[in-house]
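Trainee: I'd like to learn how to read empty space and sheets in a model. Can we walk through one together?

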Amino acid sequence: MRYISTRGGMPPRSFREILLEGLATDGGLALPESYPRYAPTDLARLRTLNYRDLAFDILSRYIDDISATDLKRLIDKTYTASVFGSEDITPLRTLDTLEGGLHLLQLSNGPTLAFKDIALQLLGNLFEYVLAENKGELNILGATSGDTGSAAEYAMRGKRGVRVFMLSPLGKMSRFQTAQMFSLTDPNIFNIAIKGVFDDCQDIVKRVSNDESFKTRYHIGTVNSINWARVAAQIVYYFKGYFAATKADTDEVSFAVPSGNFGNILAGHIARMMGLPIRRLILATNENNVLDEFFRTGRYRPRASAEVHQTSSPSMDISRASNFERFVFDLTGRDSALLRTLWQAVDGGSEFRLADTPLHEKIREFGFVSGSSTHANRIATIRDIYQRFGVMIDTHTADGVKVGLEHREAGVPLICLETAQPVKFADVIRDALGREPDCPERCRGLEQLPQRAEVMDADTVAVKDYMAQHCA
Ligand SMILES: *Cc1c(COP(=O)(O)O)cnc(C)c1O
């Protein structure tokens, strides 16, 4: 499999060549030259596989420059019951069986209790493998408001050749998220708490990344959501969820996906392009509705940072959706020239509109519909699901369930993706249900562990000095 860039200016490259990088060399995003397709008869075979074998079947079509034996070993080591809590890895929980069924696909049983673990745990093992072969080193620099940082740290802790420097805004993450990150004692994990807000952290990361000589000298990389391997790893659970919710390989299902940077639902789009019978991909946003606006009106208008609302589903608080360009590439029929025209406006800080063009029609052909949710909706949905089914869901999952139910169709199973556990956002659960969230066994006592982090001013030079000292 070879990879090209959405902007059309990168000679085709192999999986390994794009694994460690962020943007493609021409400023676009890497995508496979084509999506491999499964025939209906293949689905019958895939249906019988466990998570690991299913993951290998799918991922080996995208990763063909790691030997099959090694890839299988990396996948087998990643998706275990001890890391993800069950042999199913992503169990399906059926809430009711009316109208084709209402289900939760539980993606948040990994080490940090959010769906990002599914991709990042694999990425950690892939990075370690490739770096060992090339005798290379990688120093990952990131900024987090919570979920991404902890998932990256738990994926990279103890990995040879990798260090993580994670900036977070001092005192701004939830208690649980802070405890998850700051209680790590692995010598390759460096938590830096910045006296400022998330944007200050992100600005420092940008400034360091723009310093090419520093970046090369210290082997600086990222693990942000545009990494192709993360998207690829997420394709697997759409297949797994589909098989768990259906009996026949021609049945259709719809997925409701709480969305921010468009990484999760992009994997659903690709699963559909590969031949999985997905009827609808229901995109849910919170008050930061840049994507909902696009799917309803055909207008894509990234927001200024100052326009971003701080919500009770904070992992979806985005100003623009970093993976969205990959979807628009498919929407244009993979026409890089057309995509570049559209993106000129976006890169210039403005917007583009597809309304009244044939491209807008294609949104429906690809099965996309959307909606958004408010804080009040989240509280009401968390209560409703708890009262009717005795199941506690977190705020992000609630956004997905709320919008999913609005688009539910009789006879079509609706699978809502559960993207985090309620214990991560305990305050809102207390408000909604008047009780403490359930706490999975393995994180009892987490908040009582000793914590450590380097507290620093929002000062790029100081962060660089700190990294230089610790990259030796
Ligand atoms: C990251 C995240 C999302 C958004 O996923 P995208 O791939 O960025 O669309 C939703 N919910 C939770 C809990 C997350 O951590």
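Mentor: Sure, start with a pocket: the second largest one holds about 330 Å³ of space. A pocket is an open set of points on a 1 Å grid over the protein atoms alone, with protein on both sides within 12 Å along at least five of seven lines; a cavity is a set where a 1.4 Å probe fits but cannot get out, and lining residues have an atom within 4 Å of a point. Points join across faces, edges and corners, and volume is the space filled by probe spheres set on them. This is a predicted model: local features need pLDDT of at least 70, side-chain atom pairs pLDDT 80 or more, while totals for chains, interfaces and linings use all residues. Numbering runs from 1 along each chain as its sequence is written, and side-chain values use heavy atoms, without hydrogens and water.

Trainee: Which residues lie nearest the centre of the second largest pocket?

Mentor: Gln106, Asn109, Glu418, Gln421 and Pro440, out of 18 lining residues.

Trainee: How many cavities of 30 Å³ or more does the search find?

Mentor: Rolling a water-sized probe over the atoms shows where empty space is left. Here the search finds 1, with a volume of about 40 Å³. Its lining includes Ile18, Trp228 and Arg326.

Trainee: What is the strand order in the open sheet?

Mentor: Strands pair through backbone hydrogen bonds, parallel or antiparallel. This sheet has 5 strands in the order 8-5-6-7-15, paired in parallel. Strands are DSSP runs of E, at least two residues, numbered from the N terminus, and two strands pair if DSSP finds at least two bridges between them. Strand 7 (residues 189-195) and strand 15 share 4 bridges, and Ile192 has Glu454 as its bridge partner in strand 15.
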